[in-house]
Amino acid sequence: ANKYSGYVEVSAGASSFPYWGDDYEPWLGFGASGSVATKMGDDWSMQFDVGHWSRVESYFSGYYDVYGSLAAAHANRSFDNYNMGVFGGVLTTDTLHR
């Protein structure tokens, strides 16, 4: 098997629904994330994840914007009959009001 594995993801989203007889399309958004994992010897493996997303309010010309970012790491150890691991990460979010 390969020593490294992972993925890269790019996403987009929008909302639209009727509101009091009018088309309400308040949010547009984009995001990107990725992960890479590697085997370190016979018993250890590590994984690193990063991501970022944004949602921009479009109904009131971008008055509200929301952002978020994530960074995380996983360490795993394999034993004969079980696995043990630790996980740590940071998640931040922010809003922008104009």
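Trainee: Why is aspartate 43 counted as partly exposed?
Mentor: Its relative accessibility is 33%, and because buried means under 20% relative accessible area and exposed means over 50%, with partly exposed in between (1.4 Å probe, protein chains only), aspartate 43 falls into the middle class. Please keep in mind that this is a predicted model, in which local features need pLDDT of at least 70 and side-chain atom pairs count only at pLDDT 80 or more, whereas totals for chains, interfaces and linings use all residues. Residues are numbered from 1 along each chain as its sequence is written, and side-chain values use heavy atoms, with hydrogens and water left out.

Trainee: What makes the pair of arginine 77 and aspartate 43 a salt bridge?
Mentor: The closest N and O atoms of arginine 77 and aspartate 43 are 3.5 Å apart, and a salt bridge is a side-chain nitrogen of Lys or Arg within 4 Å of a carboxyl oxygen of Asp or Glu, so the pair qualifies. Arginine 77 lies in strand 6 (residues 64-78) and aspartate 43 in the loop between strand 4 and strand 5, so this salt bridge ties together parts that are 34 residues apart in sequence. The structure holds 1 salt bridge, and arginine 77 is itself partly exposed at 26% relative accessibility.

Trainee: How do you know that the rings of phenylalanine 79 and tyrosine 82 are stacked?
Mentor: A search of the whole structure finds 1 aromatic pair. Its ring centres, those of phenylalanine 79 and tyrosine 82, are 4.9 Å apart with the planes at 25°; rings of Phe, Tyr and Trp (its six-membered ring) pair if their centres lie within 6.5 Å, and planes under 30 degrees apart count as stacked, over 60 as edge-to-face and the rest as tilted, so both values meet the conditions for a stacked pair. Phenylalanine 79 has a relative accessible area of 31% and tyrosine 82 one of 45%, so each residue is partly exposed.

Trainee: What makes strand 4 and strand 5 a pair?
Mentor: Strands here are DSSP runs (E, at least two residues; helices are H or I, at least four), numbered from the N terminus, and two strands pair if DSSP finds at least two bridges between them. Strand 4 and strand 5 (residues 44-57) are joined by 14 bridges and run antiparallel, so the condition is met. Tryptophan 27 stands opposite glutamate 57 in this pairing, and alanine 32 has histidine 52 as its bridge partner in strand 5. The two strands form a hairpin with 3 residues between them, and glycine 41 in the turn has a positive phi of about 80°.

Trainee: Which other strands pair by that rule?
Mentor: Strand 1 is joined to strand 4 (residues 27-40) by 11 bridges, running antiparallel, and serine 5 has alanine 37 in strand 4 as its bridge partner. Strand 5 and strand 6 pair in the antiparallel sense over 13 bridges, with serine 45 standing opposite asparagine 76 in strand 6. As for the chain as a whole, there are 0 helices and 7 strands.

Trainee: What makes methionine 46 a residue in contact with His74 and Ala75?
Mentor: Contact means heavy atoms within 4.5 Å. Methionine 46, which is found in strand 5, meets this condition with Val36, Ala37, Thr38, Met40, His74 and Ala75, once its neighbours within four places in sequence are left aside. On the same basis threonine 93, in strand 7 (residues 83-97), is in contact with Trp53, Tyr67 and Gly68. Threonine 93 and leucine 70 are 23 residues apart in sequence and 9.0 Å apart in space, C-alpha to C-alpha.

Trainee: Why do tyrosine 4 and threonine 93 count as exposed?
Mentor: Tyrosine 4, which lies in strand 1 (residues 4-14), has a relative accessibility of 53%, and threonine 93 has a relative accessible area of 58%, so both values pass the limit for exposed residues. In the chain of 98 residues, 16% count as buried.
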